[in-house]
Amino acid sequence: MPAEITWWGHATCTLRDSGVRVLTDPLFTRRLAHLRRRRGAPPPPDAWRAQVALVSHLHADHLHLPSLARLDPGTVLLVPHGTGRAVPALARLARSRELDVREMAPGERVRIADLTVRAVTALHDGRRLPVGPQRSPALGFVVEGEQRTYFAGDTGLFETMAEEVGPVDLALLPVGGWGPFLGEGHLNAARAAEVLRTLGPSCAVPVHYGTFWPVGLDAVRPYEFHAPGDEFARLAARSAPEVDVRLLGHGESTRFGDAG
């Protein structure tokens with residue numbers, strides 16, 4: 001059976017597979033500190049609904065407490081191991097909202113209804129910034145149901161990526177960022193295209209670009225805001241032509257895994 005993915009902007013997606021709704025890195029705001037949403041409306045209330053929410057790491061644009069507060073009671077929230085110690089406010093939020101928070105390390109699996117969610121390594125500094133100690137790994141996730149979906153979170157290329165992730169039908173890959181320069185532990189369009197050659201998914205959707213940008217920096221390297229998705233598609237066509245790359249606008253959906 002096919003599955004469906006909706007991109008809401010930044011790293012926030014809704015995956016529908018095997019009758020289960022999965023949210024990735026929920027971020028439902030127009031403004032976050034020095035960042036403002038420059039493209040696409042914030043996800044509507046229907047997007048807040050999910051049985052499972054994945055948090056890849058502790059940066060505030062991925063673990064955003066006000067957004068997590070909008071999740072329905074009973075939502076299973078999968079977070080990196082050590083999150084409870086690093087972000088004590090999450091435990092208070094979980095109690096007040098009745099969220100089922102479960103910490104994971106790379107290699108661990110959680111079964112939820114007809115899905116299995118497996119945590120995998122991500123090459124990224126996932127600490128709670130600006131002053132948080134390194135207590136918690138950044139993660140990617142592989143969601144296995146009728147289809148297999150890899151949500152990379154934030155990551156750079158690493159040697160064991162293909163071995164850890166395994167074969168997948170859809171790869172959700174970050175191709176940009178929220179500022180004019182990407183630091184270590186990130187994929188840009190070119191490196192994300194290399195990931196396609198490494199993993200060989202059937203389908204890929206670029207995320208984590210073209211949504212948030214720092215206030216006052218509109219004229220600084222605007223290419224890095226607008227172009228990463230198109231650049232990824234262009235480079236992927238050259239390096240991994242067998243992969244079906246789909247560029248989604250904010251709030252747009254696509255089905256994948258259709259027979260034939």
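**Two sheets and a helix pair**

Visitor: In which sense do strand 1 and strand 17 pair?
Guide: In this predicted model, strand 1 and strand 17 are joined by five bridges. One of the residues involved is Ile5, whose bridge partner in strand 17 is Thr254. The sense of the pairing between strand 1 and strand 17 is antiparallel.

Visitor: Which residue of strand 2 is the bridge partner of Ile5?
Guide: Strand 1, residues 3-9, also pairs with strand 2 in the antiparallel sense, over five bridges. Within strand 2, the bridge partner of Ile5 is Leu15.

Visitor: Which residue in the turn between strand 1 and strand 2 has a positive phi?
Guide: Strand 1 and strand 2 form a hairpin, with two residues between them. In that turn, a positive phi of about 55° belongs to His10.

Visitor: How many of the seven residues of strand 1 are buried?
Guide: A residue counts as buried when its relative accessible area is under 20%. By that criterion strand 1 is mostly covered, and its number of buried residues is six.

Visitor: Which residue in strand 3 stands opposite Cys13?
Guide: Strand 2 (residues 12-17) pairs with strand 3 (residues 20-24) over five bridges, in the antiparallel sense. Opposite Cys13 in strand 3 stands Thr24.

Visitor: What are the edge strands of the open sheet with the order 8-7-6-3-2-1-17?
Guide: This open sheet has seven strands, and its pairing is mixed. From one strand to the next, the twist averages 20°. An edge strand here pairs on one side only, and the two that do so are strand 8 (100-104) and strand 17 (252-256).

Visitor: What is the order of the strands in the open sheet whose edge strands are strand 9 and strand 16?
Guide: Strand 9 (109-112) and strand 16 (244-245) each pair on one side only. The sheet is open, has seven strands and shows mixed pairing. The order of its strands is 9-10-11-12-13-14-16.

Visitor: Which residue in strand 16 is the bridge partner of Ala204?
Guide: Strand 14 (residues 203-207) and strand 16 run parallel and are joined by two bridges. In strand 16, Ala204 has as its bridge partner Val245.

Visitor: What angle does the direction of helix 5 make with that of strand 13?
Guide: Helix 5 packs on this sheet, touching strand 12 (148-151), strand 13 (170-174), strand 14 and strand 16. The angle between the directions of helix 5 and strand 13 is about 155°.

Visitor: Are helix 5 and helix 7 parallel, perpendicular or oblique to each other?
Guide: Helix 5 (residues 189-199) and helix 7 (residues 228-239) pack with their axes 8 Å apart, at an angle of about 40°. Angles under 35 degrees count as roughly parallel, and those from 65 to 115 as roughly perpendicular. The angle of this pair lies in neither range, and helix 5 and helix 7 are therefore oblique.

Visitor: How many residues of the contact of helix 5 with helix 7 are nonpolar?
Guide: Residues of helix 5 including Ala189, Leu196 and Arg197 meet residues of helix 7, among them Glu231, Phe232 and Leu235. The contact includes one polar and two charged residues, and the number of nonpolar residues is nine.

Visitor: Is Leu247 buried, partly exposed or exposed?
Guide: Leu247 is found in the loop between strand 16 and strand 17. Beyond its neighbours within four places in sequence, Leu247 is in contact with Pro206, Tyr209, Gly229, Asp230, Ala233 and Glu252. Buried means under 20% relative accessible area and exposed over 50%. The relative accessible area of Leu247 is 37%, so this residue is partly exposed.

How values were computed:
Residues are numbered from 1 along each chain as its sequence is written. This is a predicted model: local features need pLDDT of at least 70, side-chain atom pairs count only at pLDDT 80 or more; totals for chains, interfaces and linings use all residues. Side-chain values use heavy atoms; hydrogens and water are left out. Two strands pair if DSSP finds at least two bridges between them. Helices (H or I, at least four residues) and strands (E, at least two) are DSSP runs, numbered from the N terminus. Axes are lines fitted to C-alpha atoms, for helices over the stretch in contact, and angles run from 0 to 180 degrees between N-to-C directions. Angles under 35 degrees count as roughly parallel, over 145 as roughly antiparallel, 65 to 115 as roughly perpendicular and the rest as oblique. Contact means heavy atoms within 4.5 Å. Ala, Val, Leu, Ile, Met, Phe, Trp, Tyr, Cys and Pro count as nonpolar, Asp, Glu, Lys and Arg as charged, and the others, Gly among them, as polar. Buried means under 20% relative accessible area, exposed over 50%, partly exposed in between (1.4 Å probe, protein chains only).
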